[in-house]
Amino acid sequence: MSTTIPEAKLRRRGRLSRFDLKASPYIYIAPFFIVFAVMGLFPLLYTIFLSTRQWNTMSGDGGLACAMGDKQVSGTGCPNGRDWFGNFAWALGQPDFYTALRNTIAIFALSSLPQLVIAIIVAYLLSSNLRAKTFWRMGVLFPYIIAPMSAGIIFRMIFADQTGTINTVLGWFGIGPIGWHSDTFASWIAVSSIVNFRWTGYNTLVLLAAMQAVPHETLEAAVIDGASRFKQLTSVILPMIRPTLIFVIITSVIGGLQIFDEPQMYTVGPGYGGNSNQWLTLTQFMWKTGFVSTNASNMGRAAAISWMLFLVVVAFGILSYILTSRMASGDAPKPKKSAKTNKEVAR
Amino acid sequence: MSKQYPSSAFATAVAGRGAGRAAARHNRVRLTSEGQRAGRLTYLMVGLVVLISIYPLYYAVQLASLTLDEMHGFPGLGFGSMLWTNLTTAFEAINFGQAFLNTVIVAVTVSLSVVAFSTLAGYSFAKLRFKGRGPLMVFVVGTMAIPAQLSAIPLYILMSKLGLYGSLTAVILPSLVTAFGVFWMTQYITAALPYELIEAARVDGCSMIKTFYHVAIPAALPAASLLALFTFVAQWTNYYWPFLIIGSNSSRVPLLTLAVANLAGGNNQNYTVMMAGVVLSTFPLIILFFVAGKQLVAGIMAGAVKG
């Protein structure tokens, strides 16, 4: 008996396999895009809508946002009429908003700049031929496994005004005691040191990987030309790892401007962000506006604040991108090369 | 590394032993290239950085070992005798068993889901041809730059409307997929999986999904396990979103971060027990770090080269 497959069956199989070939790519990416549409995209679009509404956290949507005027807006009704941008106007009318904006930018600056400098130096040290490489690398990465909120609690004690490590050590040198919780600037340093603690080691390893990818010949050429170690770092290595530098800076902008866990846990007792909002960040202000009842909690206003936070992130992202492109490009401008790097980052 | 100029040997031949050693010393100072030993100063500075990295946790263990009276002074570097007592008190205060279990459920579920969806989509983006691939990939990368805070409030409303407020499901759902995961797997599979292997499987009669299963998954495994590791740590240390969506129900649905934060909140605090809570909640990750720390390091460094 012959074992030939009937022609109809063959054709069906061919059609099936063609369908398989055409549809499979879409079927494989579908789960991601479906979940992302619901959990990522929808919320994003919904924030736009939300930011224009008078949305009391308890009672829900209450129509278009109340316009701001001289009269204080109470729980129900809008004495000054309604306005698309009422929530934005409300936020911009709050002194706390500007305090939070100032604190956020200050803490961000105090955490990202020293962090970058230290990470570059440590990465450069680690790139020399050390014994027990893995030990040192794991050592600098250790803070990564400590939750930011746990780090916040620990640093609250390290920076305790009376018995904390920092004030005790400063006392040995006759300095202090510094009011790490009461003084505004000191509290910025303390909170940003929590961020630095968690992320410096991580960024060190990112930069170390990039430094190791710098061709050996290039470095040797610099050595033969008589470049000092410092000069090798600033004139050869840094320009060559610029894409990675930009990557590190952009991620620290996105993460650093949104911090919540660290300042929240740095607080002793109630009054999150300090008794006079010394270290209240924008995300904390957003949370207070949306969720803390003593503030007549309002989701619409919180959404408006989150959009302004987004604008701050975008502005600093662009600013730092321009700055790093300028700074790390070395002495001579190389237009062609920088165009290529842009593409690499965009990809 | 092997490309060092043997200048010290040359100097030895020309000017005798002493000159050779001097030249070698000279090289050691000047060359930073690998193969040259790092100086003592380098060890000193790196050692200092590692000490600073470890000190906060050391301090936490220290405080957790003290009595409340001893807390009134700086403990130096010594330990008290109350560690076990404080740990057991904290163990009950944060309902450790339940909180640990819930945290594991969240971290494992999210890790598995992120890895599965990312590998599937990453394979498709990296190796399959289809219309709209480029724009869709740009879209994925673009969403990575959007701050998470922007969707926190609408997600809160969404979860509440779905009746999920205060549930573990609500903690898990928003993290089921990440754009970063897809990007990461796409990058890796692009480089690690040759087209020839896929073609060979197809010629042998594998369907698309069988090809994925037999060829792509084995090739993607190293990157997938790193992604799982990082997602696990991120979920374990996550506080903000669980804090929003579990809210005042944290006694009913405890998570480690929430429970510890509860110990640390309010006015009347027992700092030693609070610190014991911090130590307890970090302890599982310390074990993970000793088991998989090498992989964490490798993962960060691999991601940097590609990203």
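What share of the 307 residues of chain B counts as buried? In this predicted model, the figure comes to 41%. Chain B is built with 14 helices and 0 strands. Going along the sequence, then, the pattern simply reads α-α-α-α-α-α-α-α-α-α-α-α-α-α. As for how chain B folds back on itself, take the contacts between residues at least 6 apart in sequence: 71% of these join residues at least 24 apart.

Chain B also has a partner. On the chain A side, 82 residues are in contact with 83 residues of chain B. The biggest giver on that side of chain A is α1(A), which puts in 18 residues. Sorted by class, the side of chain A that touches chain B holds 57 nonpolar residues, along with 20 polar and 5 charged ones.

Now for chain A by itself. The domain assignment splits chain A into domain 1, covering 7–88, and domain 2, covering 94–346. These two parts touch: 12 residues of domain 1 of chain A are in contact with 12 residues of domain 2 of chain A. On the domain 1 side of this contact, at least two residues each come from α1 (7–50), β1 (53–56) and α2 (86–92) of chain A. Of the elements on that side, β1(A) gives the most, with 4 residues. The class make-up of the domain 1 side that touches domain 2 in chain A is 4 nonpolar, 7 polar and 1 charged. Helix α1 of chain A thus turns up twice, at the contact with domain 2 of chain A and at the contact with chain B.

One helix pair in chain A is worth a look of its own. Two packed helices are described by the angle between their axes and the distance between the axes. Here the pair is α4 (residues 133–141) and α7 (residues 184–212) of chain A, which pack at an angle of about 140 degrees with their axes 7 Å apart. Angles over 145 degrees would count as roughly antiparallel, so α4(A) and α7(A) are oblique to each other. Which residues of α4(A) and α7(A) meet? From α4(A) come Arg137(A), Val140(A) and Leu141(A), and they meet Gly201(A), Tyr202(A), Thr204(A) and Leu205(A) of α7(A). By class, this contact of α4(A) with α7(A) is made up of 4 nonpolar, 2 polar and 1 charged residues.

Conventions:
Residues numbered from 1 in each chain as written. Chains lettered and ligands numbered in written order. Predicted model: local features only at pLDDT ≥ 70, side-chain atom pairs only at ≥ 80, totals over all residues. Domains from an automatic or database assignment. Contact = placed C-beta atoms within 7 Å. Nonpolar A, V, L, I, M, F, W, Y, C, P; charged D, E, K, R; others polar. Buried ≥ 20, exposed ≤ 12 C-beta atoms within 10 Å, placed from the backbone. Axes fitted to C-alpha atoms, helices over the stretch in contact; angles between N-to-C directions. Parallel < 35°, antiparallel > 145°, perpendicular 65-115°, else oblique.
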